[in-house]
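Please open the model in a viewer, with the sequence panel alongside. The tour proceeds by selection, one stop after another.

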Amino acid sequence: MKTFTLGQSKEQVLQMIPEKRIKLVQLGGEKICISRNGEAFFAFEPFCPHRMASLLQGTIVRDEIVCPLHEYRFDLRSGQVLTGQCPDLKVYKVELSESGLEIWI
Ligand code: FES
């Protein structure tokens, strides 16, 4: 597992990732999505585990994401599928600190 840091301060990260938007970032060899609800950040795989729709067009509702294709819902903290039947979404540990957003991949 590797740790990556996005940004150099908390304020910079909050500006870089507007609330409820989904941003695609490349960290090492992995592309992952980052989103937030207030100061709660989420990091998750960019494709839906159901039929691989891009989650960049997904909708963030509190700490869940709704897939744009068949509207399955996933808990962004655990990755658990909440509506629909498919494997869970892969999520990554993230933590906002004064020195940026740390992501464990
Ligand atoms: S592809 Fe995401 S719910 Fe079907």
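Begin at the hairpin of strand 3 and strand 4, where two residues lie between the strands and G38 adopts a positive phi near 65 degrees. Strands here are DSSP runs of E with at least two residues, helices are runs of H or I with at least four residues, and both are numbered from the N terminus.

The model is a predicted one, in which local features require pLDDT of at least 70 and side-chain atom pairs count only at pLDDT 80 or more, whereas totals for chains, interfaces and linings use all residues. Residue numbers start from 1 along each chain as its sequence is written, and side-chain values use heavy atoms, with hydrogens and water left out.

**The first hairpin in detail**

Select strand 3 together with strand 4 (residues 40-44): the two run antiparallel and are joined by five bridges. Two strands are taken to pair if DSSP finds at least two bridges between them. Along this pairing, N37 has A40 of strand 4 as its bridge partner, and S35 stands opposite F42 in strand 4.

Next select E39, which is located in the loop between strand 3 and strand 4. Leaving aside neighbours within four places in sequence, E39 contacts K10, L14 and L96, contact meaning heavy atoms within 4.5 Å. The side chains of E39 and K10 are joined by a polar contact of 3.3 Å. A polar contact is a pair of N or O atoms within 3.5 Å; within protein, one must be able to donate a hydrogen and the other to accept it, and residues adjacent in sequence count only if both atoms are side-chain atoms. Add E11 to the selection: its C-alpha atom is separated from that of E39 by 11 Å, the two residues being 28 apart along the chain.

**The second hairpin**

Move to strand 2 (residues 23-27) and strand 3 (residues 30-37), which pair in the antiparallel sense over five bridges. V25 stands opposite I32 in strand 3. This hairpin of strand 2 and strand 3 has two residues between the strands, and G28 takes a positive phi near 60 degrees.

**The sheet**

Now display the open sheet of six strands, ordered 1-10-9-4-3-2 with antiparallel pairing. Strand 1 (3-6) and strand 2 are at the edges with a single partner strand each, so one side of each has no neighbour in the sheet. From one strand to the next the twist averages 30 degrees; axes are lines fitted to C-alpha atoms, for helices over the stretch in contact, and angles run from 0 to 180 degrees between N-to-C directions.

**The cysteines**

Which cysteine sulfur is closest to that of C86? Select C48: its sulfur is 5.3 Å from the sulfur of C86, too far for a bond. A disulfide is a pair of cysteine sulfur atoms within 2.5 Å, and by this rule the count is zero. C86 is buried, with a relative accessible area of 16%, and C67 is buried at 3%. Buried means under 20% relative accessible area, exposed over 50%, and partly exposed in between (1.4 Å probe, protein chains only).

**The whole chain**

Finally, select everything. The secondary structure comprises one helix and 10 strands, and from the N terminus the elements run β-α-β-β-β-β-β-β-β-β-β. Along its principal axes the C-alpha trace spans about 40 × 25 × 20 Å. Of the 105 residues, 41% count as buried.
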